[in-house]
Amino acid sequence: MSKETKLAKKEAKAAKKAAKAEKSQAAAYEKLVKKIEKKNAKLEKKANKKNKPFVPLDIPTQEEAFAATAGESKAKQIIEMIILILLIIYLGYFCYMFYSYVAPQVAQGITETSDVDDAGSGAPAEYDRYDNPHDITTTPDYSVADAKAYLKQVLHDNWKDLGYSADPSGGSINYTNNITNVNNADCYVFTAGSKTYAVSTKLQSCYMLKNGKYQPLTFHNDDYLF
């Protein structure tokens, strides 16, 4: 195919495209004119109703109409281009942050790796889990036998203040197989010397039942002896 033939085909294609664009512009211009005329008719009717002078809207030429449209289209294209650029920048930043993120590593035993250790060798630094060296100091619950021995000592040291005529600690001290709560503490219940006593399971207090209520005993330098 010769150069002249190719050029002729190219010109024919361009002419066909221009004719199509011109036809499309003509149809669009015709539509615009009808729209303005319709609006003018409404404005004229409204002006006549209010006895005001009618000032019709100007109908631009086809060249003026499409020149304005071209300007608006160009501005719209610029705005769309700016939005597209911002979206591309945002997407690029998101991808960079996503692929550069390194999740923290947590291993059992709390082993962490530092870039350079104290000796500068780059070896991983290991840290042991915290171990409390102190013994548990919570007061334990004592047995019934321990509570009975404790009550025996209390009776021996305080029998006069408790209203006895003689020391009852040498007599029988019986556990009633009951546990009662006194001052928010569980207590073993005993009978001794015709009276009822409550001794806390942690041996922190001793009570005597009087008039249906447990009353704390006032000790006088008592020592808990086994």
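In this predicted model, strands β3 and β4 pair in the antiparallel sense over 7 bridges. The two strands form a hairpin with 2 residues between them. At the edge of this pairing, V182 stands opposite A185 of β4. In the turn, N183 has a positive phi of about 50°. N184 lies in the loop between β3 and β4, and its phi is also positive, at about 65°, although N184 is not a glycine. With a relative accessible area of 76%, N184 is exposed.

**Overall architecture**

The secondary structure of the protein amounts to 3 helices and 7 strands. Read from the N terminus, the elements follow the order α-α-β-β-α-β-β-β-β-β. Of the 226 residues, 16% count as buried. Among contacts in the protein with a separation of 6 or more, 40% are made by residues 24 or more positions apart.

Confidence varies along the chain. The mean pLDDT is 80, and 78% of the residues score at least 70. Among the elements, β5 has the highest mean pLDDT, 95, while strand β1 (residues 111-112) has the lowest, 48. The pLDDT is below 50 over residues 107-116, a stretch that nevertheless has 19 contacts in the model beyond near neighbours in sequence.

**A second hairpin**

Strands β6 and β7 (residues 213-216) also pair in the antiparallel sense, over 4 bridges. Within this pairing, M208 has Q215 of β7 as its bridge partner. The hairpin of β6 and β7 has 2 residues between the strands. N211 is located in the loop between β6 and β7, and its phi is near 55°, a positive value in a residue other than glycine. N211 counts as exposed, since its relative accessibility is 75%.

**Aromatic rings**

The count of aromatic pairs in the model comes to 4. One of them is formed by F94 and F98: the ring centres are 6.3 Å apart and the planes stand at 20°, so this pair is stacked. Both residues belong to helix α2 (residues 62-100), and because they are 4 residues apart, about one helical turn separates them. F94 is partly exposed, as its relative accessibility is 46%, whereas F98, at 53%, counts as exposed.

A further pair is that of Y175 and Y188, whose ring centres are 5.8 Å apart; their planes stand at 85°, so the pair is edge-to-face. This pair links distant parts of the chain, with Y175 in strand β3 (residues 173-182) and Y188 in strand β4 (residues 185-192), 13 residues apart. The pair thus belongs to the strands that form the hairpin described at the start. Y175 counts as partly exposed at 26% relative accessibility, and Y188 counts as buried at 10%.

The two pairs are set out below.

| Pair | Distance of ring centres | Angle of planes | Arrangement |
|---|---|---|---|
| F94 and F98 | 6.3 Å | 20° | stacked |
| Y175 and Y188 | 5.8 Å | 85° | edge-to-face |

Ring pairs also link F94 and F98 with Y99 into a cluster. Another aromatic residue, Y164, takes part in a contact with a charge: the charged end of K195 sits over the ring of Y164, 4.7 Å from its centre.

**Residues in two loops**

T201 is placed in the loop between β5 (195-200) and β6 (206-210). With a relative accessible area of 11%, T201 is buried, because this value is under 20%. The side chains of T201 and D141 are joined by a polar contact of 3.4 Å. Leaving aside residues up to four places away in sequence, T201 touches P140, D141, Y142, D186, C187 and Y188. Y188, one of these, is the buried tyrosine of the edge-to-face pair.

D58 lies in another loop, the one between α1 (3-49) and α2. Unlike T201, which is buried, D58 is exposed, with a relative accessible area of 70%. In sequence D58 and N40 are 18 residues apart, and their C-alpha atoms are 9.2 Å apart in space.

Methods
Residues numbered from 1 in each chain as written. Heavy atoms only, no water. Phe/Tyr/Trp six-rings, centres within 6.5 Å; stacked < 30°, edge-to-face > 60°. Buried < 20%, exposed > 50% of the residue type's maximum accessible area, 1.4 Å probe, protein only. Lys NZ or Arg CZ within 6 Å of the ring centre and 35° of its normal. Pairing = 2+ DSSP bridges. Polar contact = N/O pair within 3.5 Å; in protein donor to acceptor, adjacent residues only side chain to side chain. Contact = heavy atoms within 4.5 Å. pLDDT = per-residue confidence, 0-100.
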